[in-house]
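The exercises below are meant to be worked through with the sequence and the three-dimensional structure in view. Try each task before reading its solution.

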Amino acid sequence: MKKILVLGLLPLLAACQSTPKLEDDTRYVKLAKVVDVHVFTDAERKEAAKTLPPGDSGVGFGIGIGVGTGGGFGGMMIGAGTGLGGRDRRKEPPQVAYGANRFTVQPLNTSERIEVMSYKHYKAGDCVKVLTGHPTEFARLFDPKEGELCN
């Protein structure tokens, strides 16, 4: 049974390993230059904080009992979990209230302008990589790798 399970999971694991990192996916990432930076004021950040949804918190508790037959294992399991640390913000777009700024970038060799919120610090003229047009990810900026230049 274990062999069948392992053989079934190997292709799935291989598929996950072959998926490129977001910043390396050439379908959605382009080199760009920062053309404008909007740094929000403290008043704008305080106003934005008023519109944030309340933090998620919760506590969970569960009990399970198992019985085995034919020399199997019988036992009891107890578990508890807490979500009091707040929600995971890595999957959310950057928020003004938490210190994000708005950058306008222009992909190389185009007249297109893209506005991106980011916690990073760039100035006008900096070379960046911009992720845009991805079906499930929000637009974001990455630092270019060594050798990637915006001439």
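**Exercise 1. Is C127 buried, partly exposed or exposed, and to which cysteine is it joined?**

Step 1. Begin with the accessibility of C127, for which the relative value is 21%, so C127 counts as partly exposed (buried means under 20% relative accessible area, exposed over 50%, and partly exposed in between, with a 1.4 Å probe and protein chains only). Because this is a predicted model, local features need pLDDT of at least 70 and side-chain atom pairs count only at pLDDT 80 or more, whereas totals for chains, interfaces and linings use all residues. Residues are numbered from 1 along each chain as its sequence is written, and side-chain values use heavy atoms, with hydrogens and water left out.

Step 2. Next, look for the partner: C127 and C150 form a disulfide in which the sulfur atoms are 2.0 Å apart, where a disulfide is a pair of cysteine sulfur atoms within 2.5 Å. The structure holds 1 disulfide.

Step 3. Place the two cysteines along the chain, where the pair links distant parts: C127 belongs to strand β6 (residues 127-131), while C150 lies in the segment after β7 (140-142), 23 residues apart. Strands here are DSSP runs (E, at least two residues), numbered from the N terminus.

Step 4. Finally, describe the bond and the second cysteine: the torsion about the S-S bond of C127 and C150 is about 60 degrees, so the disulfide is right-handed, and C150, at 9% relative accessibility, counts as buried.

**Exercise 2. Describe the surroundings of β6 and find the order of the strands in the sheet.**

Step 1. Consider how far β6 is covered: 4 of its 5 residues are buried, and the strand is mostly covered.

Step 2. Identify the partners of β6. Strand β1 (residues 29-38) pairs with β6 in the antiparallel sense over 5 bridges, and 3 bridges join β6 to β7, again with the strands running antiparallel; two strands pair if DSSP finds at least two bridges between them.

Step 3. Use K129 as a landmark in β6, since K129 stands opposite L31 and also opposite F142 in β7.

Step 4. Move on from β1 to β4, to which β1 is joined by 6 antiparallel bridges, with Q106 in β4 as the bridge partner of K33.

Step 5. Assemble the whole: 5 strands form an open sheet in the order β5-β4-β1-β6-β7, with antiparallel pairing. The edge strands are β5 and β7, each of which pairs on one side only. Neighbouring strands of this sheet are turned by 50 degrees against each other on average, direction ignored (axes are lines fitted to C-alpha atoms, and angles run from 0 to 180 degrees between N-to-C directions).

**Exercise 3. How many salt bridges are there, and which residues does R140 meet?**

Step 1. Apply the rule that a salt bridge is a side-chain nitrogen of Lys or Arg within 4 Å of a carboxyl oxygen of Asp or Glu; the count comes to 7 salt bridges.

Step 2. Take R27 and D25, which form one of them, with the closest N and O atoms 2.8 Å apart. R27 counts as exposed at 61% relative accessibility, whereas D25 is buried at 7%.

Step 3. Turn to K120 and D143, whose closest N and O atoms are 3.7 Å apart in their salt bridge. K120 lies in the loop between β5 (114-118) and β6, and D143 in the segment after β7, so the pair ties together parts that are 23 residues apart in sequence.

Step 4. For R140, the salt bridge partner is E137, with the closest N and O atoms 2.6 Å apart. R140 is buried, at 18% relative accessible area, while E137 is partly exposed at 28%. The charged end of R140 also sits over the ring of F138, 4.1 Å from its centre (the rule asks for NZ of Lys or CZ of Arg within 6 Å of the ring centre and within 35 degrees of the ring normal).
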